[in-house]
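Trainee: Could we take a close look at one part of this model together? I'd like to start with a cross-link and work outwards.

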Amino acid sequence: MIRHTISLRAIAATTAIAVSMGTGFSETAAAEQPSARAVDSAELVLRAEAQTKGRSGLAAEEPGRREAVRPESGVLPSSIGEDIVFPGDNGSPTMTIHIDSAGKEKPKARLAQGMAVYENTADVTDTVVRAEKRDDSAGVEAFYVLKNRNAPEQFTSKFRIEGATLEQKDPQTILALNPHGVVIGAVSASWARDTAGKQVPISLSVRDGKIITHVKHRSQKYQYPIVADPSYVRNCGRITCSFYFTRRATKNLKDTAAAAGGGAAAILAGAAMCGAIPVPGSALCAAAVLANYLPAMYNLTAAVNRKGCFVVRTPPTRFDNVASTNRYCRY
């Protein structure tokens with residue numbers, strides 16, 4: 001699976017500041033000069049990303065796609081601990097992300113390098129947040145900058161996508177599934193590195209509705225500061241949405257179509273599977289199956305044969321399949 005990187009310098013140079021729902025950055029706040037510490041934390045994030053070859057946790061999942069990335073600074077709150085809201089676009093579900101602060105104070109944000117920097121969100125820790133929207137995804141990366149060994153090893157947040165429940169796929173991935181078992185978003189423990197580029201163990205867990213990011217930096221000797229990057233993604237962007245059927249749902253769809261015996265009955269059974277996708281994607285999917293049944297069945301069969309997952313992307317509706325190793329493919 002090809003992951004495309006982005007020019008972080010270009011993001012910093014082209015970031016547009018907007019007001020969102022009365023809680024985002026105002027033009028006045030954006031004009032303020034960031035503190036030296038804020039600039040330092042933002043620079044540390046960029047250096048750590050460079051060591052990770054610039055790989056973004058929000059990278060597009062679709063092979064061959066090249067797309068413009070638009071920073072979404074307007075959705076970032078002026079203080080840590082306020083909700084970051086991505087409204088539904090073209091029928092996609094609303095996504096809300098809440099990054100907690102460990103202290104009683106709720107640090108105000110400063111803009112640096114196109115990102116929001118919140119200082120002292122925990123002991124000797126800053127939190128840097130970047131919001132982006134792509135053609136086929138939208139989301140947030142939260143970078144925890146751990147200054148020394150006294151920094152915490154756990155950080156809490158909340159992640160909600162309208163109509164979805166959270167399920168843990170593996171220690172690095174938590175999936176958001178709709179009631180039909182279709183994956184519509186995820187939280188990923190993308191990476192964590194010390195200042196020398198050494199990888200630091202990072203993982204996720206769910207506890208009492210909260211997501212816990214674990215950064216095990218006290219288990220070995222590391223060179224501080226350390227930057228840890230969990231990412232929060234909705235599989236709907238400016239233009240398209242991608243819906244990942246679980247492996248079990250994929251097999252059930254294949255069995256249903258096979259039981260229909262082919263012909264018109266099988267086509268109608270294939271169109272019925274689109275009911276698992278939110279409106280208006282469901283109608284577009286059903287129309288595509290009725291008009292062009294073979295590509296849908298080809299990808300459905302291929303997904304079952306490789307023990308992977310069937311994918312519907314819309315609009316325009318097209319069908320795909322991914323291997324079980326894909327981060328959005330769940331059993």
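What is the torsion about the S-S bond of Cys-309 and Cys-329?

Mentor: The torsion there is about 80°, so this disulfide is right-handed. Before going on, keep in mind that this is a predicted model, where local features need pLDDT of at least 70, side-chain atom pairs count only at pLDDT 80 or more, and totals for chains, interfaces and linings use all residues. Residues are numbered from 1 along each chain as its sequence is written, and side-chain values use heavy atoms, with hydrogens and water left out.

Back to the link itself. The S to S distance between Cys-309 and Cys-329 is 2.1 Å, and a disulfide here is a pair of cysteine sulfur atoms within 2.5 Å. The bond ties distant parts of the chain together: Cys-309 sits in strand S16, Cys-329 in the segment after S17, and they are 20 residues apart. Strands (E, at least two residues) and helices (H or I, at least four) are DSSP runs, numbered from the N terminus. Both cysteines are tucked away: Cys-309 is buried at 0% relative accessibility, and Cys-329 is buried at 2%. Buried means under 20% relative accessible area, exposed over 50%, and partly exposed in between, with a 1.4 Å probe and protein chains only.

The stretch around Cys-309 has some backbone quirks too. Just ahead of S16, Lys-307 lies in the loop between helix H7 (293–305) and S16. Lys-307 has a phi near 55°, a positive value in a residue other than glycine. In contrast to the buried cysteines, Lys-307 is exposed, with a relative accessible area of 57%. At the other end of S16 (309–314), the loop leading to S17 (318–322) holds Pro-315, and Pro-316 is in that loop as well. The peptide bond from Thr-314 to Pro-315 is cis, with omega near -15°. The next one, from Pro-315 to Pro-316, is also cis, with omega near -20°. Those are worth a second look because most residues other than glycine have a negative phi, and most peptide bonds are trans.

How does this cross-link fit into the rest? The count comes to two disulfides. The other joins Cys-236 to Cys-241, again with an S to S distance of 2.1 Å. Its torsion is about 125°, so that disulfide is right-handed too. Cys-236 is buried at 3% relative accessibility, and Cys-241 is buried at 10%.

Moving along the chain, helix H4 covers residues 247–259, and its 13 residues should span 18 Å at 1.5 Å a residue; the end C-alpha atoms are 18 Å apart, which agrees. The expected span is 1.5 Å times one less than the number of residues. Within H4, Ala-249, Thr-250, Leu-253 and Ala-257 are buried. Looking down the axis, the buried residues fall within an arc of 105°, so they line one face of the helix; the arc is that of the directions from the helix axis to the C-beta atoms. The face turned away from that buried side carries the exposed residues Arg-248 and Ala-259.

Now for the nonpolar interior. The largest nonpolar core has 58 residues, of which Ile-84, Phe-159, Tyr-232 and Phe-245 touch the most other members. A second, separate core of 13 residues includes Ala-42, Ala-48, Ala-112 and Met-115. A nonpolar core is a set of buried Ala, Val, Leu, Ile, Met, Phe, Trp, Tyr and Cys residues joined through side-chain atoms within 4.5 Å.

Ala-48 also shows up in another setting: its backbone oxygen lies 2.8 Å from a polar atom of the Thr-52 side chain. Thr-52 is found in the loop between helix H3 (36–51) and strand S1 (70–71), and it is buried, with a relative accessible area of 13%. Leaving aside neighbours within four places in sequence, Thr-52 is in contact (heavy atoms within 4.5 Å) with Trp-191 and Arg-193.

Stepping back, the protein chain has seven helices and 17 strands. Of its 331 residues, 54% count as buried. Among contacts between residues at least 6 apart in sequence, 68% join residues at least 24 apart.

Notes. A polar contact is a pair of N or O atoms within 3.5 Å; within protein, one must be able to donate a hydrogen and the other to accept it, and residues adjacent in sequence count only if both atoms are side-chain atoms.
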